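I opened this notebook to keep track of what I looked up, one topic at a time.

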Amino acid sequence: MIFMGNTEIWIPKRLVETGLLNLAAAAPETLAAYCEQEYAARIADAVAQIEAGDAHVVMLTGPSASGKTTTAHKIADRIIADGRRSVVVSLDNFYKDVRDYPRLPDGTPDYESADALDIAEINRCLLSLVETGRAEIPDFDFNREQRRQGVIPIEVGDGVVIVEGIHALNPRLTALLPEGSAFKIYTSMREEYSYHGRRVVATRDIRLARRMVRDHKFRGHSLEKTFSMWPAVCEGEEKNIKVFKPEADMILDTSFSYEVCCLAPFVAGLRGGLAPDSPYAPRLEELCALFALFTPVNEASYMPRDSMLREFIG
């Protein structure tokens, strides 16, 4: 492990040769089981660190398609299995009504700004959870982009609340909490891939592939929409997420070596999904060529139904 300030880098980014991974993929059942066991061990380590202290709140964030939502639930499930109460709370519930959002220069709502959240209400709810083990949080209607009437009761007693969202490590959200009452986790993919000694597949490529497949299968988004949004997503990460990475107590690796082999056939199936004259067609072709470097693995045969990767593949 490497320590940087108050941040524990659980595993620094590593570079894996595609040929070596393809050799491992020749035994897909063994490779998949190993990767899943490694992720489970990381979850167990995170829970051990949480339970070693006095934290009743865990603030968890990570860039887009890093697996933060499922990872938050995995941590809560492990805490429950250890005999304590735990629940996941999404910061999305704390959005203000859209009319109260900050505005971008063109006058449209700035959905990525921390000030689109009701930070005073977050402060109140988190402090109540720390002091009493209970709170009533807002209920946000995404279709109408405003709060519903009523609240959502949260009660964990002396257990742990996992708060997940893109702004979770922003210190404004935990400013009123007593020292040591919040444990902060940054979820991040830590594995990249090389071909003949040259890095060719970065974590951002894999996250984009995750998002492409998820958007296509579950959200009804066209490839054009996914690609058109990606630059703004990455810009928002730099501004609102990665800048607070040093606040983290732990960086939790959400890489699975066999994932790129499972994604390979899905990415290949999207080839030709953009018009040849689309400005995003070259990027799609590049991703298809990169994932063609990996031996395809049939996820239906080897990926557990409760794998974190099901968040993206289904």
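I first wrote down what a cavity is: on a 1 Å grid over the protein atoms alone, a set of points where a 1.4 Å probe fits but cannot get out, with lining residues having an atom within 4 Å of a point. I also noted that this is a predicted model, in which local features need pLDDT of at least 70 and side-chain atom pairs count only at pLDDT 80 or more, while totals for chains, interfaces and linings use all residues. Residues are numbered from 1 along each chain as its sequence is written, and side-chain values use heavy atoms, with hydrogens and water left out.

Cavity. I looked up the lining of the largest cavity and found Val 89, Phe 94, Cys 125, Leu 126, Leu 129, Ile 137 and Val 163. I sorted these residues into seven nonpolar, no polar and no charged, where Ala, Val, Leu, Ile, Met, Phe, Trp, Tyr, Cys and Pro count as nonpolar, Asp, Glu, Lys and Arg as charged, and the others, Gly among them, as polar.

Aromatic rings. I found eight aromatic pairs in the structure, taking rings of Phe, Tyr and Trp (its six-membered ring) as paired if their centres lie within 6.5 Å, with planes under 30 degrees apart counted as stacked, over 60 as edge-to-face and the rest as tilted. The rings of Tyr 39 and Phe 256 have centres 4.9 Å apart and planes at 40°, so I entered this pair as tilted. For Tyr 95 and Tyr 101 I noted centres 5.9 Å apart and planes at 35°, so that pair is tilted. I then saw that ring pairs link Tyr 95, Tyr 101, Tyr 111 and Phe 140 into a cluster.

Definitions and conventions
On a 1 Å grid over the protein atoms alone, a cavity is a set of points where a 1.4 Å probe fits but cannot get out, and a pocket is an open set with protein on both sides within 12 Å along at least five of seven lines; lining residues have an atom within 4 Å of a point.
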